[in-house]
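Reader: I'd like a close look at the salt bridges in this one. Could you walk me through which side chains pair up, where they sit and how buried they are?

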Amino acid sequence: MISKFRMKIDLLGQAVLIVAIVLLEFLASGKAWTNLMLVVLGLWQIASAFHLLYVYQHIKRLNFVKTFLVLVVSLPVWIYLVGALAYVPVAGVAVWYFLQTISDTIKVYNRPRSFWDL
């Protein structure tokens with residue numbers, strides 16, 4: 001079973017990175033810093049997905065891993081073709097994984113506790 005602490009740390013880390021990206025984009029308008037934070041968020045999410053997939057056999061994360069790999073491979077082509085708009089799908093995938101993490105965290109917190117969790 002996935003621990004509450006693991007899901008809480010994952011959710012908190014993603015939330016902090018997403019807020020940092022939004023603040024950098026709107027307040028600092030530093031494209032290099034925003035891209036760096038987007039890469040850090042992507043690495044956090046893919047590491048989380050691999051961890052949940054291999055340690056807990058959480059099959060729903062396999063869809064994210066496949067989508068992430070396709071996105072990483074095709075991103076240079078999309079940047080060349082459409083420029084800055086190529087980051088819209090990246091943001092969409094990051095938000096999708098964040099919402100999936102929120103959903104899973106709610107499920108973990110609502111499950112009944114065993115004697116050993118007390």
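Author: Here is a walk through the charged pairs, with some background on the chain first and a look at a nonpolar patch at the end.

Keep in mind that this is a predicted model. The chain has four helices and zero strands, so to speak a plain α-α-α-α pattern when you read along the sequence. Its C-alpha trace spans about 55 × 30 × 15 Å along the principal axes. Of the 118 residues in the chain, 32% are buried. If you take the contacts between residues at least 6 apart in sequence, 67% of them join residues at least 24 apart.

Now the charges. The chain carries 10 positive and 4 negative ones, and the mean positions of the two sets are 5 Å apart. Out of these come three salt bridges in the structure.

Let's take the pair within a single helix to begin with. The side chains of R6 and D10 meet in a salt bridge, with 3.2 Å from N to O. Both residues belong to helix α1, which covers residues 4-28, and they are four residues apart, about one turn of the helix. What about cover: are R6 and D10 buried or exposed? Both are buried. For R6 the relative accessible area is 15%, and buried means under 20%, so R6 falls on the buried side of that cut-off. Apart from its neighbours within four places in sequence, R6 is in contact with S48, H51, L52 and Y56.

The other part to look at is D104, where two positive side chains come in. One of them is K60: its side chain meets that of D104 in a salt bridge, again listed N to O, at 3.2 Å. K60 lies in helix α3 (residues 60-82) while D104 lies in helix α4 (residues 87-110), so this pair ties together parts that are 44 residues apart in sequence. The partner on the other side is R61, whose side chain meets D104 in a salt bridge of 2.5 Å, N to O. Here too the link runs from helix α3 to helix α4, so parts 43 residues apart in sequence are tied together. Put the two pairs side by side and you get a network of salt bridges linking K60, R61 and D104.

How covered is each member of that network? D104 counts as buried, at 5% relative accessibility. R61 is buried as well, with a relative accessible area of 0%. K60, on the other hand, is partly exposed, and its relative accessible area is 36%. In the network, then, buried R61 and partly exposed K60 both pair with buried D104.

Helix α3 also has a part in something with no charge. V77, W78, Y80, L81, V82, L85 and V88 form a nonpolar patch on the surface, and together they have about 800 Å² of accessible area. Which element gives the largest share of this patch? That would be α3, with five residues. One residue from the patch is V82, which is found in helix α3 and counts as partly exposed at 38% relative accessibility. For the chain as a whole, the accessible surface comes to about 7800 Å², and 77% of that belongs to carbon and sulfur atoms.

Technical notes
Residues are numbered from 1 along each chain as its sequence is written. This is a predicted model: local features need pLDDT of at least 70, side-chain atom pairs count only at pLDDT 80 or more; totals for chains, interfaces and linings use all residues. Side-chain values use heavy atoms; hydrogens and water are left out. Helices (H or I, at least four residues) and strands (E, at least two) are DSSP runs, numbered from the N terminus. Buried means under 20% relative accessible area, exposed over 50%, partly exposed in between (1.4 Å probe, protein chains only). Contact means heavy atoms within 4.5 Å. Accessible areas come from the Shrake-Rupley method with a 1.4 Å probe; for residues, only the protein chains shown count as cover. Lys and Arg count as positive and Asp and Glu as negative; His and the chain ends are not counted. The place of a charge is taken as NZ of Lys, CZ of Arg, CG of Asp or CD of Glu. A salt bridge is a side-chain nitrogen of Lys or Arg within 4 Å of a carboxyl oxygen of Asp or Glu. Patches are made of residues with over 30% relative accessible area and no salt bridge: like charges are joined within 9 Å, nonpolar side chains (Val, Leu, Ile, Met, Phe, Trp, Tyr) within 5 Å.
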